[in-house]
Structures are given as structure tokens and as C-alpha cells.
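Here is a quick tour of one protein model, written for someone who would rather be at the bench. Have the sequence and the 3D view open while you read.

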Amino acid sequence: PRGVITLYELTGAEDARRFSPYCWRIRMSLRHKGLEFQGVPWRFTEKERIAPAGAELVPVIRDGERWVHDSMAIAEYLEERYPDRPSLFGSPHGAALARFVAGWTDRTVQLNASRPILMDIFTCLHPGDRDYFRTTREKRFGKQLEEVCPDPRAELPPFRLLLEPARRVLRKQAYLAGEAPNYADYALYGTFMWWRMTSRLPPFEQSDMMSDWLARMDEACEGEGRRALAAVGMGPSG
């Protein structure tokens, strides 16, 4: 019999605040495949716990004796290891397109999402993680955390414009993947779980079709996202 997969997830001050966008891709993927797993809270300063995976950052899974890290590598592993379960990609062509969506999300959406919620993330962190976060992010941005985005709301209009490629797809179908969500949707959804698990700043206007997609995604995989948001008092709308 197959054992329970362990998923190491970046966590804030409270264990329930699982906020990593990449970990959310894998949490949704595991639910999508109907695989039994245990989410284990992990913090930036606990690198030794995931050292057997050869990784310094999560997501990391342990499946029996096998350790796998990196969200796309994990998704591909799950697809290959459990071919009898619902597919994360639909087809080899679907896998190629999902890689594109994940790459676009990483380099365009997520990069720009990080600025308006940066201080909210810092506030949510376990106190023991704050020095690490401040040091690494100040190096990344080349300035103090407090100077990166002095007016988060001013960042929202240009950020929302970046999502136009997704809107063009969602005008014609319910999900990026078509009639039902798959890894392409989970890749983008992870960014907005990251955002709403840490910040009360609404990523979209309520009238934006992206809000409708988010609401559908919150109910995907038996309401995984909705329950997580409720557990930290954020609510589906953030």
C-alpha cells in the first residue's frame, strides 16, 4: 500500500498560515490527484529539515524514501509516479503549456505581486524568520523593506493590467485549462493564495472577471483554498 506523502510548506507565525505560492501549487496538485498527504509547517530558518532533498527552499515532498523539490519537478514526479490518478496536465501538450503559464506567473505576475504585499508578508512571519526575510529581500530589491513599496494601493492598477492575458482566456472558458482546472490554474492560483493568506489588500476589483475565477478556484479541490483562508481569518475575498 502507498504511504502518506509529506509536504513541507512555508508557514507564518501561526502553523495554519501556509502562504508559499509554490507550496500552494503542490497542495492543489496533491488534492487534484486525490493523494493522501500531510502538510508539515516549515520556516525559512529550518533548512536542515529539508536538506535530504538537496533543497534550501520549499516545496519539498517526501514520498516513501523519495525526496523531491521544486514545484514543477514535483508536479512532473506526481504525474509520472501516479498515472492512474487524474492528470495534472491532460496531455504532453498540456504539460508544455502549463510550464509556460508557471514561467509567466513566476517572472511577471509574482514578481510584481511581491511589492504591494511585501510588508504584509513580513508582518505575518514567525519572529525567528524576520531577519532572514529582511536580509534576503533587501538584497533582492536593493533598498530597505519599508522603501520598496511606500504606497501599495498605487501598485494595484499596473499589477491588474498584467493579468490581461489570463482575462482573454477566461472570457471564453471557466479555467485556464478549459472546463476544469489543472496545473496551469494552480500555478497562477498559488500567487493569489500567497497574497490573500498574508494581506487584506484586495488584488482585484469585485467586478473583475479575475475575481470570479478566484472564487471558482477557492472552491476547487473541495474548497481547499476557502478553508485555508478561513483558518487564518482572511476570508475568500481577502
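What follows covers the pockets, one helix, the cysteines and two buried residues.

## Before you start

Keep in mind that this is a predicted model.

## The largest pocket

Start with the largest pocket, which holds about 850 Å³ of space. Its lining is made up of 30 residues. If you want to find the middle of it in your viewer, pick out Tyr-22, Leu-57, Gln-110, Arg-137 and Arg-140, since these are the lining residues that lie nearest the centre.

Three elements give two or more residues to this lining: α1 (21–32), α3 (92–124) and α4 (127–141). The top contributor is α3, with eight residues. Sorted by class, the lining of the largest pocket comes out as 18 nonpolar, five polar and seven charged residues.

## The second largest pocket

Next in line is a pocket with about 280 Å³ of space. This second largest pocket has 14 lining residues, and Leu-97, Val-101, Leu-176, Ala-177 and Ala-184 are the ones closest to its centre.

Here α3 turns up again: α3 and α7 (164–170) each supply at least two lining residues. Once more α3 gives the most, this time six residues. As for chemistry, the lining of the second largest pocket has 12 nonpolar and two polar residues, with no charged ones.

## Helix α2 and its start

Now look at helix α2, which spans residues 71–81. Its buried residues are Ser-71, Met-72, Ile-74, Ala-75, Tyr-77, Leu-78 and Glu-79. They pack against quite a list of elements: the strands β1 (5–10), β3 (60–63) and β4 (66–69), plus the helices α1, α3 and α8 (183–198).

The N-terminal end of α2 is capped by Asp-70, which has a side-chain oxygen 3.3 Å from the backbone nitrogen of Met-72. Ser-71 sits in α2 too, and with a relative accessible area of 7% it counts as buried. Leaving out residues up to four places away in sequence, Ser-71 touches Tyr-22, Arg-25, Ile-26, Pro-59 and Tyr-183. Tyr-22 may ring a bell: it is also one of the residues nearest the centre of the largest pocket.

## Cysteines without partners

How many disulfides does a search of the whole structure find? The count is zero. Why does Cys-124 have no bond to Cys-23? The sulfur of Cys-23 is the closest cysteine sulfur to that of Cys-124, but the gap is 15 Å, so the two are too far apart for a bond. A disulfide would need the sulfur atoms within 2.5 Å.

Cys-221 tells a similar story, because its closest cysteine sulfur, again in Cys-23, is 16 Å away and too far for a bond. Is each of these two cysteines buried or exposed? Cys-124 is buried, with a relative accessible area of 11%, and Cys-221 is buried as well, at 18%.

## A buried glutamate

One last stop is Glu-224, found in helix α9 (residues 209–231). Despite being a charged residue by class, Glu-224 is buried, with a relative accessible area of 5%.

Which residues is Glu-224 in contact with, leaving aside its neighbours within four places in sequence? They are Trp-24, Arg-27, Met-28, Arg-31 and Asp-218.

Methods. Residues are numbered from 1 along each chain as its sequence is written. This is a predicted model: local features need pLDDT of at least 70, side-chain atom pairs count only at pLDDT 80 or more; totals for chains, interfaces and linings use all residues. Side-chain values use heavy atoms; hydrogens and water are left out. On a 1 Å grid over the protein atoms alone, a cavity is a set of points where a 1.4 Å probe fits but cannot get out, and a pocket is an open set with protein on both sides within 12 Å along at least five of seven lines; lining residues have an atom within 4 Å of a point. Grid points are joined across faces, edges and corners, and a volume is the space filled by probe spheres set on the points. Helices (H or I, at least four residues) and strands (E, at least two) are DSSP runs, numbered from the N terminus. Buried means under 20% relative accessible area, exposed over 50%, partly exposed in between (1.4 Å probe, protein chains only). Contact means heavy atoms within 4.5 Å. A polar contact is a pair of N or O atoms within 3.5 Å; within protein, one must be able to donate a hydrogen and the other to accept it, and residues adjacent in sequence count only if both atoms are side-chain atoms.
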